[in-house]
Amino acid sequence: MSDFAEFIELKLVTEDEAECLYRLQVEAFMPLYEKYQDDDTSPAKESLERVREKIIEKNSDFYFIIFHGEKIGGVRVRRHQGKRVYENVNWISPVFVIPEFQNKGIASKVIEQLFALYPNTIEWRLDTIKQEAGNCHLYEKCGFVRAGDGIVVNEKMTLVDYVKIVPEDEKLEKFKEGDLK
């Protein structure tokens with residue numbers, strides 16, 4: 001695909017859209033659940049009620065990923081602003097695209113859009129499955145680095161943390177452009 005970033009938009013999910021988001025999340029994560037059988041950690045096994053809770057959570061923004069007008073996935077940003085240790089640190093959890101739209105560069109464009117939507121973020125965090133080389137490559141391509149050894153979920157799967165520290169020169173550049181308030 002060519003540069004199609006203009007065809008990707010993020011739209012905040014409302015509570016009454018929870019069922020649609022839930023169906024997309026299950027469709028996107030079910031292949032990984034079937035591979036790893038991670039009952040306690042898989043978003044494919046979350047209840048509709050848990051998804052609804054995440055949508056309305058105070059320090060959280062859940063977006064639909066829309067491509068050419070079609071809802072194809074979702075991404076959630078959890079904020080920890082105002083607390084001394086976690087001020088302006090954001091977590092991406094989860095980010096997902098349904099299988100027919102995976103491996104097309106959409107997720108990396110979504111992550112770039114998140115960086116622009118949250119210009120005051122000094123550090124981004126997320127986790128992923130260590131055994132999924134494509135996911136690890138995606139996050140590394142977006143500037144994240146692996147942090148720590150990870151958590152063994154079961155004999156098939158380990159979750160690893162990724163961190164992206166926003167360099168001072170990027171923050172300075174945004175300030176000069178008038179993006180920071």
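Contact here means heavy atoms within 4.5 Å. With that cut-off in hand, the tour goes through a predicted model, beginning with a helix and the sheet under it.

Select α3 (106-117). This helix lies across β1, β2 (60-67), β3 (70-80), β4, β5 and β7. Relative to β1, α3 runs at about 55°.

Next, hide the helices and show the strands. The sheet is open and has 7 strands, with mixed pairing. Follow the order β1-β2-β3-β4-β5-β7-β6 across the sheet. Go to β1 (8-12) and β6 (145-154), which stand at the edges; each has a single partner strand, so one side of each is left without a neighbour in the sheet. Looking across the strands, the twist averages 25° from one strand to the next.

Now select β4 (89-97) and β5 (123-129). These two strands pair in the parallel sense, over 3 bridges. Within this part of the sheet, pick tryptophan 91: the residue opposite is arginine 125 in β5.

Keep β4 selected and turn to the largest pocket, which holds about 1,200 Å³ of space. To find its centre, select Phe29, Val95, Thr128, Asn135 and Tyr139, the lining residues that lie nearest to it. The full lining counts 46 residues. β4 gives the largest share, 7 residues. Among the other elements that each supply at least two lining residues are α1 (18-36), α4 (133-141) and β7 (157-165). Finally, colour the lining by class: 24 residues are nonpolar, 11 are polar and 11 are charged.

Conventions. Residues numbered from 1 in each chain as written. Predicted model: local features only at pLDDT ≥ 70, side-chain atom pairs only at ≥ 80, totals over all residues. Heavy atoms only, no water. 1 Å grid on protein atoms, 1.4 Å probe; cavity = no way out; pocket = protein on both sides within 12 Å on 5 of 7 lines; lining within 4 Å. Points joined across faces, edges and corners; volume = space filled by probe spheres on them. Helix = DSSP H or I, 4+ residues; strand = E, 2+ residues; numbered from the N terminus. Nonpolar A, V, L, I, M, F, W, Y, C, P; charged D, E, K, R; others polar. Pairing = 2+ DSSP bridges. Axes fitted to C-alpha atoms, helices over the stretch in contact; angles between N-to-C directions.
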